[in-house]
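Q: I have a model open in front of me. Can you walk me through how to read its features one at a time?

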Amino acid sequence: GQIGLVLSLEQYEQAKSRFKEGRRPGHSFAPGCCANPEYVTQVPVFFDDGTYDVMKAMNIRKKTDVPEEKRSRIQRMLAVR
């Protein structure tokens, strides 16, 4: 899988205005359906390539061995305004 960071609703709104949607495998919607992340079935995730996507919750796994460098890089990308 790919490393990403789960976004809060506020971060998701910011990501939508600043970054491109990635359309990863495990994307949550059918064409024409609106994003409605409620964190039960649909979870917004930001990836290290600078894209975001709303994923099906069943396609997300928590990793504990993510290198700190990669984690901080993703957080810095989101923090830059």
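A: Start with a packing face. The buried residues of H2 pack against S1, helix H1 (9-18) and strand S3 (42-47). Keep in mind that this is a predicted model.

Q: Which residues of H2 are buried?

A: Ile74, Met77 and Leu78 are the buried residues of H2. They span an arc of only 100° around the axis, so they sit on the same side of H2. The general idea is helical geometry. An α-helix has 3.6 residues a turn, so residues three or four places apart point the same way.

Q: Which residues of H2 are exposed on the other side?

A: Glu68, Glu69, Arg76 and Ala79 are exposed there.

Q: How many residues does H2 have, and what does H2 reach from its first C-alpha to its last?

A: Helix H2 covers residues 68-79, twelve residues in total. From first C-alpha to last, H2 reaches 16 Å. That is close to the 16 Å expected at 1.5 Å a residue.

Q: Let me step back to the whole chain. What pattern does the chain follow along the sequence?

A: Read along the sequence, the pattern is β-α-β-β-β-α. The chain therefore offers two helices and four strands to place, counted by the DSSP runs.

Q: What share of the contacts comes from residues far apart in sequence, 24 or more positions?

A: Take the contacts with a separation of 6 or more. Residues 24 or more positions apart account for 68% of them.

Q: How many residues does the chain have, and what percentage count as buried?

A: The chain has 81 residues, and 33% of them count as buried. As for surface, the chain exposes about 5500 Å². Carbon and sulfur atoms supply 52% of that area.

Q: Now one residue in detail. Where is the place of glycine 4?

A: Glycine 4 belongs to strand S1, residues 4-6. Leave aside its neighbours within four places in sequence. Glycine 4 is then in contact with Val45, Phe46, Phe47 and Ile74. Ile74 is also one of the buried residues of H2.

Q: Is glycine 4 buried or partly exposed?

A: Glycine 4 is partly exposed, because its relative accessible area is 34%. Buried would need a value under 20%.

Q: What separates the C-alpha atoms of glycine 4 and lysine 70?

A: The distance is 9.3 Å, with the two positions 66 residues apart along the chain.

Q: How do I look for pockets?

A: Rolling a probe the size of a water molecule over the atoms shows where empty space is left. Here, the largest pocket holds about 630 Å³ of space.

Q: Which residues lie nearest the centre of the largest pocket?

A: Gln2, Ile3, Gly4, Ile60 and Arg61 lie nearest its centre, out of 20 lining residues. S1, S3 and H2 each supply at least two residues of the lining.

Q: What should I expect of backbone torsions?

A: Most residues other than glycine have a negative phi, and most peptide bonds are trans. Tyrosine 39 has a positive phi, near 70°.

Q: Where is tyrosine 39 found?

A: Tyrosine 39 is in the loop between strand S2 (20-21) and S3. Tyrosine 39 counts as partly exposed because its relative accessible area is 33%.

Q: Proline 25 is in that loop too. Is proline 25 buried or exposed?

A: Proline 25 is exposed, because its relative accessibility is 75%. The cut-off for exposed is over 50%. The C-alpha atoms of proline 25 and lysine 56 are separated by 9.6 Å, at 31 residues apart along the chain.

Q: Where is the place of serine 8?

A: Serine 8 is in the loop between S1 and H1. At 34% relative accessibility, serine 8 is partly exposed. Serine 8 and proline 37 are 29 residues apart in sequence, yet 9.5 Å apart in space, C-alpha to C-alpha.

Q: In which helix does lysine 16 lie?

A: Lysine 16 lies in H1. Its relative accessible area of 37% makes lysine 16 partly exposed. From lysine 16 to threonine 51 is 35 residues in sequence and 9.2 Å in space, C-alpha to C-alpha.

Technical notes. Residues are numbered from 1 along each chain as its sequence is written. This is a predicted model: local features need pLDDT of at least 70, side-chain atom pairs count only at pLDDT 80 or more; totals for chains, interfaces and linings use all residues. Side-chain values use heavy atoms; hydrogens and water are left out. Buried means under 20% relative accessible area, exposed over 50%, partly exposed in between (1.4 Å probe, protein chains only). Contact means heavy atoms within 4.5 Å. Accessible areas come from the Shrake-Rupley method with a 1.4 Å probe; for residues, only the protein chains shown count as cover. The expected span of a helix is 1.5 Å times one less than its number of residues. The arc is that of the directions from the helix axis to the C-beta atoms. On a 1 Å grid over the protein atoms alone, a cavity is a set of points where a 1.4 Å probe fits but cannot get out, and a pocket is an open set with protein on both sides within 12 Å along at least five of seven lines; lining residues have an atom within 4 Å of a point. Grid points are joined across faces, edges and corners, and a volume is the space filled by probe spheres set on the points.
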